Amino acid sequence: MVSMMQRLDLRGTTLSRAEIAQRLPRASVDINVALESVIPIINQVRDGGAGALRALAQKFDGVRPEHLRVPTEAIDKAEAELSSELRHALQLSIDHNRAGHEAQLPEPKETVIVPGGVVRQRWIPVERVGLYVPGGLAVYPSSVVHNVVAAQAAGVSEIALASPPQKEFDGLPHPTILAACKLLGVTEVYAVGGAQAVAMFAYGARGEEGTADPEILCRPVDVVTGPGNIYVAAAKRAVHGVVGIDAEAGTTEIAVIADEGANPDYVASDLLSQAEHDPAAASVLITNSEQFADACEQALIAQVEQTKHVERVRTALGGPQSGIVLVDDVAAAIDVANAYAAEHLEIHTANARADAQKIRNAGAIFIGPYSPVPLGDYMAGSNHVLPTGGTARFAAGLNVMAYIKPVQEIEYTREAMASMEGPLVALANEEDLPAHGDALKIRTANEPAVKGEAER
């Protein structure tokens, strides 16, 4: 049989999760290597501002943008020229995503700790965010929707968005990107791509003398979110701490758990759908049926011949990051999936919903034969900006929580505070911090300074 993907046979083995993870298909380029490349770029942008951004655009995008900040007229024009079919599709995606993300908003809560003593939990949106939308091999208006809607649902007041300049569009981002921004009411848009966009958001950028740039081209943001290649992910790691980030959402990946009853044509189409993103995209099939693996691979071979981006798909499927993993049973497949921690995980098993409950590590879980990953990419109401490279073990996909902060308010009456004095002084003295206890003693030793203070 002609083979398109490498195979890893784990049948009959007893391995720890760490041992499984070490054997699984992974991209040969890791984020630590990419960091070495992006740190000089970040420093160049931080020191050089708009001039550095134009030079980096010339180097990486093949064009030197006249306008780093996209003019309002260009955004308006792109929206006006949008086809009715694409307008409807984008609006449907916006509506579905808004419903899905507004449902994520947490409620404020007040807890009475002791009579007269309460702690309130408030959720406060960050003030300003920088959203990244990749370019390169494809155009991603869907990423505009997924970034912006989540930030808007969270209540963010200032939204800036960056996408790479395109040579064929006079150094501006793709018109469909701009049109999606207009539909969402985003007017602060930059023709800046890659790690340099992340750096611009993190540190801000001054204008360039002799151009139409303002003195301050872009002000720093509080949080940077959005997908991209491994260099964008590395840049986000490098600036994390200067700003917040959502997750390290690098080159796309899909894992599929399938048993002997799964439809090989469906699974093959889903593996292919992610492989068409990028030659470095990862597609991994985990199955307890060698017969199904064979059938799925034959379906892939047939479908690849009919797809548009044949060479890109073949490279991705044949790369070290993709493969077929054979296991003893569905339980073992679940163990492998948890060790792999896929960005997208599909489950095509006889008990798909129950099996999904056993997954601990995945960016998003797609259950059953009629929930393919492309639904999540566009219309499902979930978010497609998801953690990659195994970071789903500890990171979540983009959601409103990326843009809001939990803040606690503490309010005690004089009597409630006084009831805590003895225990607090004991702890403060044990930690050799007696002034902590004195802060209560000074209050209980004196009468309220003003009328009504004891009740406040």
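In which order do the 3 strands of the open sheet stand? The close-up views below start with that sheet. This is a predicted model, in which local features need pLDDT of at least 70 and side-chain atom pairs count only at pLDDT 80 or more, while totals for chains, interfaces and linings use all residues. Residues are numbered from 1 along each chain as its sequence is written, and side-chain values use heavy atoms, with hydrogens and water left out.

**View 1. An open sheet with antiparallel pairing.** The order is β2-β3-β16. Strands here are DSSP runs of E with at least two residues, helices are runs of H or I with at least four, and both are numbered from the N terminus. Two strands pair if DSSP finds at least two bridges between them. β2 (109-114) and β16 (404-412) are the edge strands with a single partner each, so one side of each has no neighbour in the sheet. Between β3 (residues 117-125) and β16 there are 9 bridges, and one of the residue pairs to look for is Pro125 with Ile404 in β16.

**View 2. Salt bridges between β3 and β16.** A salt bridge is a side-chain nitrogen of Lys or Arg within 4 Å of a carboxyl oxygen of Asp or Glu. Glu409 meets Arg120 at 3.6 Å, N to O; Glu409 belongs to strand β16 and Arg120 to strand β3, 289 residues apart. Glu409 also meets Arg122, at 3.0 Å. Arg122 is partly exposed, with 39% relative accessibility; that term covers values between buried (under 20% relative accessible area) and exposed (over 50%), found with a 1.4 Å probe on protein chains only. Glu409 is partly exposed too, at 26%. Together, Glu110, Arg120, Arg122, Glu409 and Glu411 make up a network of salt bridges.

**View 3. A salt bridge between two loops.** The structure holds 22 salt bridges, and here Arg64 pairs with Glu208, their closest N and O atoms being 3.6 Å apart. Arg64 sits in the loop between α2 (31-61) and α3, and Glu208 in the loop between β7 (205-206) and β8 (216-218), so the pair ties together parts that are 144 residues apart in sequence.

**View 4. Strand β13, covered on both faces.** Gly323 and Val325 are buried on one side of β13 (residues 323-326), and Ile324 and Leu326 are buried on the other. In a regular strand, side chains alternate between the two faces of the sheet. β1 (residues 7-9) runs parallel to β13, joined by 3 bridges, with Arg7 opposite Ile324. β12 (residues 282-287) is also parallel to β13, through 4 bridges, and Val284 has Gly323 as its bridge partner.

**View 5. Glu253, buried without a salt bridge.** Glu253 lies in strand β11 (residues 253-258). Its nearest side chain of opposite charge, Arg26, is 4.2 Å away; for charge, Lys and Arg count as positive and Asp and Glu as negative, with His and the chain ends not counted. A polar atom of the Glu253 side chain lies 3.2 Å from the backbone nitrogen of Gly389.

**View 6. Two loop residues with positive phi.** Most residues other than glycine have a negative phi. Asp170, in the loop between β5 and α6, has a phi of about 55° and is exposed at 69% relative accessible area. Ala341 has a positive phi of about 55° and is buried at 0% relative accessibility.

How values were computed
Polar contact = N/O pair within 3.5 Å; in protein donor to acceptor, adjacent residues only side chain to side chain.
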